[in-house]
Amino acid sequence: MITGTTRLYAIIGDPIAHVRTPMVFNDYFAERNIDAICVPIHIGRDDLPRGWAGLRSMVNLDGFIVTAPHKAESAQLSDRLEGDGMHTKVVNTVRREPDGSFSSTLLDGRGFVRGLINQGQEVKGKRFYVAGAGGAGTALAYALAGSGVAALTIHNRTRAKAERLVADVGKAFPGCDVKVGTANAAGYDVAVNATSLGLKPDDGHSFELASVDPTALVAEVVMKPDMTPLLIAAEKRGHKIHFGIHMLNSQLELMMQFLGVSKPKP
Ligand SMILES: NC(=O)c1ccc[n+]([C@@H]2O[C@H](COP(=O)([O-])OP(=O)(O)OC[C@H]3O[C@@H](n4cnc5c(N)ncnc54)[C@H](OP(=O)(O)O)[C@@H]3O)[C@@H](O)[C@H]2O)c1
């Protein structure tokens with residue numbers, strides 16, 4: 001029952017009809033008797049400052065999720081950046097503070113790390129190879145470097161982007177052994193596809209699967225389909241595999257923690 005005391009959460013994006021966050025958040029609230037709801041808010045791509053001003057004016061709005069194309073501009077509109085958002089200047093979760101201001105962070109990469117741990121995989125002390133230096137690759141790079149990996153190698157089709165990312169991650173985490181790689185992924189515990197390759201059945205691979213150590217885990221960020229061409233081929237070669245959807249599913253608890261409404265299921 002929505003009453004006068006119900007707290008509001010939202011997801012903003014353009015388009016918005018495809019998002020799953022309202023269902024997932026509202027189930028979470030209902031299962032825990034939290035007096036809150038989450039609604040989708042469609043804010044046009046050229047109208048974000050006005051959209052944010054509207055959100056600021058809603059006193060009973062305690063936070064919101066940000067999806068494409070608003071993640072980078074929302075970082076600029078935030079009063080404060082925390083965690084990976086501070087490094088990437090891209091955010092997906094925004095929390096209202098008691099003084100009315102908004103603090104934001106990016107949980108994509110942390111979701112990937114949590115997803116691995118939830119599936120029984122170690123992250124700390126492991127050697128990671130990541131193909132991709134776009135939004136997903138960048139989020140993974142900071143989250144992995146911040147999780148105590150033994151080594152992190154980033155390969156990207158456009159090498160200059162990987163070089164920039166490696167330099168930035170190295171500055172943010174001076175203790176992390178981070179370097180630019182090639183398509184050869186030999187010598188790692190985990191090899192990750194963090195490019196957009198894999199959405200279509202005839203997509204190629206972002207790295208040389210044949211070079212991957214036989215005991216290495218092969219992981220995806222691409223969520224649909226579950227079994228991408230890379231994971232199909234990796235499984236055939238006897239590798240353990242890890243689905244892209246784990247990264248998204250594992251973000252729910254992280255979002256609730258950041259928003260300050262995390263609660264165990266009764
Ligand atoms: N599971 C999750 O929670 C989650 C979260 C975020 C994103 N994702 C998924 O991650 C994927 C990438 O998203 P993004 O935001 O990182 O996209 P993006 O910022 O546009 O970056 C795309 C990346 O893919 C590379 N790439 C594209 N086409 C390629 C090709 N033909 N050969 C080699 N590399 C190619 C790009 O390399 P260049 O730099 O050379 O162009 C770049 O590294 C999408 O499928 C997205 O749905 C999943």
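**Figure 1. Residues around the ligand in the predicted model.** The shell around the ligand holds 19 residues, and those that come nearest are Gly135, Ala136, Asn156, Thr158 and Lys161. Sorted by class, this shell consists of nine nonpolar, eight polar and two charged residues.

**Figure 2. Polar contacts of the ligand with Ala133, Asn156 and Ser196.** The side chain of asparagine 156 places a polar atom 2.7 Å from an oxygen atom of the ligand. Asparagine 156 is also listed among the residues that come nearest to the ligand. At alanine 133 the polar atom belongs to the backbone, and its distance to a ligand oxygen atom is 3.1 Å. Serine 196 likewise contributes a backbone N or O atom, which lies 3.1 Å from an oxygen atom of the ligand. The ligand taken alone exposes 910 Å², of which the protein buries 72%.

**Figure 3. The pocket that holds the ligand.** The ligand takes up the space of the largest pocket. Two elements give two or more residues each to the shell around the ligand: α6 (135-145) and α9 (245-249).

**Figure 4. Cis peptide bonds at Pro69 and Pro225.** Most peptide bonds are trans. The bond from alanine 68 to proline 69 is cis, and its omega is near 5°. Proline 69 is part of the loop that runs between β3 (61-66) and α3 (71-77). A cis bond also joins lysine 224 to proline 225, again with omega near 5°. Proline 225 belongs to the loop between β11 (217-220) and α8 (229-236).

**Figure 5. Positive phi at Asn33.** Most residues other than glycine have a negative phi. Asparagine 33, a residue other than glycine, has a positive phi near 50°. The loop between α1 (21-31) and β2 (36-42) contains asparagine 33. Is asparagine 33 buried or exposed? Asparagine 33 counts as exposed because its relative accessibility is 67%, and the cut-off for exposed is over 50%.

**Figure 6. Positive phi at Lys89.** Lysine 89 has a phi near 60°, a positive value in a residue that is not glycine. Its place is in the loop between α4 (83-88) and β5 (93-96). The relative accessible area of lysine 89 is 49%, so this residue is classed as partly exposed.

How values were computed. Residues numbered from 1 in each chain as written. Predicted model: local features only at pLDDT ≥ 70, side-chain atom pairs only at ≥ 80, totals over all residues. Heavy atoms only, no water. Near = heavy atom within 4 Å. Polar contact = N/O pair within 3.5 Å; in protein donor to acceptor, adjacent residues only side chain to side chain. Areas by Shrake-Rupley, 256 points an atom, 1.4 Å probe, with all protein chains shown as cover. 1 Å grid on protein atoms, 1.4 Å probe; cavity = no way out; pocket = protein on both sides within 12 Å on 5 of 7 lines; lining within 4 Å. Sits in = over half its atoms within 2 Å of the grid points. Helix = DSSP H or I, 4+ residues; strand = E, 2+ residues; numbered from the N terminus. Nonpolar A, V, L, I, M, F, W, Y, C, P; charged D, E, K, R; others polar. Buried < 20%, exposed > 50% of the residue type's maximum accessible area, 1.4 Å probe, protein only.
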